[in-house]
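Thanks for coming. I will go through a metal site and then a couple of backbone angles. Please have the viewer open.

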Amino acid sequence: MQPIFRVVPNGVEILLYADDILLIVRDRKMEALHRKLQAAVKAADNPNARRSPSRNITIDRVVVPYTNRLRTLGVTLDRTLNFKAHCKMVKEACASRLRVMKAIGAYLPRGKRELTGNTLPTVEQLPRRSNRVWHAPKPSIVWDVKKAVRAGDPPEKVRPIIQNILSSRFHQSSVLYTDGSKCENTVGAGLYRKGLGRMRSLPQHCSVFSAEAFAIRMALTVPNIKDLVILTDSASCLLAIETSKSKHPWIQEIENISRGRSVRFCWIPGHAGIQGNNEADRLANEARSQAVVDIPIPAEDALRAVRSSIRQHWDEQWFASRDPKLREVKFDTYRWKDRDNGADQRVLTRLRIGHTRLTHDFLLNKTPPPRCDCCGVIVDVRHVILRCRKYDDARRMHDTNSTSLGAALGNDADSEKKLLNFRKEANLYKQL
Ligand SMILES: [Zn+2]
């Protein structure tokens, strides 16, 4: 039954045809008629009443879920069935890549593998671009320790839990401990098993996540092990292996190698006094002082390296050549958050760059620079915001008693609110 039949008051007849609704009311008195009809229209106008009843579509008794957006053969369609959603998705996907390419293109001479003085790393190929095929067996991840141990639990509590799981569930398996480590510009991966220790020093741009993944990959390539258990303290790596959606090449390799083999992955807490984990940690740290193995690195690490290199270059430019006046207000090159209100944002921007109607109108009017009628000095933004005696009360009232322009014109929501209130209080609404 359509929901509208339930909400319309008693005594009102209703006829529906497609999207047309006819309400019929009978009464002897005009006033009552009016009242009934008004109530019926109000009830029928409720959006819940007009919605079609939900009815599930099933194929082979499996319910097909409702969705507002669908991606098929690389094309995104939404319920309006036009290409707007698709164009928006493509635009978003391209925008960040284009920005990086633009930035590289501006500084990178053709054929040179160098960016602003840093050599670019070689990028590892991606074995698979999309999610894992749905019928592939799921990797076996053991989260038992995670359920039993809380962050910050003392080693005395953690050790017996690990011992218990080792002797009950993994007593017939070969247990390997892995760990990754990163400090400044050195990255290492370590692998420990009784009587076996391996370590690798990885390229400096690798992340901790990559180091942990590399260590797990190393463990999978140890020969002559039939039943393998890998113990790691990297929950993020295990989650990536479990969900099988990772675009990290080493995670995908771990998935490929472990498929069809008897491999289990188990999370253990790091730095909890577990001997094997301590050894793996020691090896990973030791690896950092060794010669780096020149291997291709995951694209996400390379991209991060490129981004940080561009940022560094930009910072150098900003601090070397730009107008120090602007640096008084903004100390870095990170993007500031804009306000939702365009008019407020305009005022803030004018104040930050120091160009307002009050201080620069004279250029258009071809008159001498304005002088403050109270203090007698030439008016600029610093004078208005920090010094002018005329606005002392407004400043006190809205607590904008900063001593520096940087503090008064900062990007934090609190300073901005105070500044906008001060402008209102000082009656500078149209002059800034
Ligand atoms: Zn003044």
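A reminder before the details: this is a predicted model.

I start with the zinc ion. Which atoms coordinate the zinc ion? Three cysteines give their SG atoms, namely Cys372, Cys375 and Cys388, and His383 gives NE2. The distances run from 2.2 to 2.3 Å. Along the chain, the donors are spaced as C-x2-C-x7-H-x4-C.

Next, the geometry. The 4 donor atoms subtend angles of 104 to 116° at the zinc ion, so the arrangement is tetrahedral; the criterion for four donors is that all angles lie between 85 and 135 degrees. For reference, the ideal angle for four tetrahedral donors is 109.5 degrees. As for accessibility, histidine 383 and cysteine 388 are both buried.

Now the backbone. Most residues other than glycine have a negative phi. Lysine 366 has a positive one, near 55°. Where does lysine 366 sit? It is in the loop that runs between α14, residues 357-365, and α15, residues 381-387. Is lysine 366 buried or exposed? Its relative accessible area is 75%, so lysine 366 is exposed, the cut-off for that being over 50%.

The other case is arginine 61. Its phi is positive as well, about 65°, and arginine 61 is not a glycine either. Arginine 61 belongs to the loop between β3, residues 57-59, and β4, residues 62-64. With a relative accessibility of 83%, arginine 61 also counts as exposed.

To recap the backbone part: lysine 366 and arginine 61 are exposed, and each has a positive phi. That is what I had.

Definitions and conventions:
Residues numbered from 1 in each chain as written. Predicted model: local features only at pLDDT ≥ 70, side-chain atom pairs only at ≥ 80, totals over all residues. Heavy atoms only, no water. Helix = DSSP H or I, 4+ residues; strand = E, 2+ residues; numbered from the N terminus. Buried < 20%, exposed > 50% of the residue type's maximum accessible area, 1.4 Å probe, protein only. Donors = N, O, S within 2.8 Å, 3.2 Å for Na, K, Ca; no water. Tetrahedral: all angles 85-135°; square planar, octahedral: opposite > 155°, others 65-115°.
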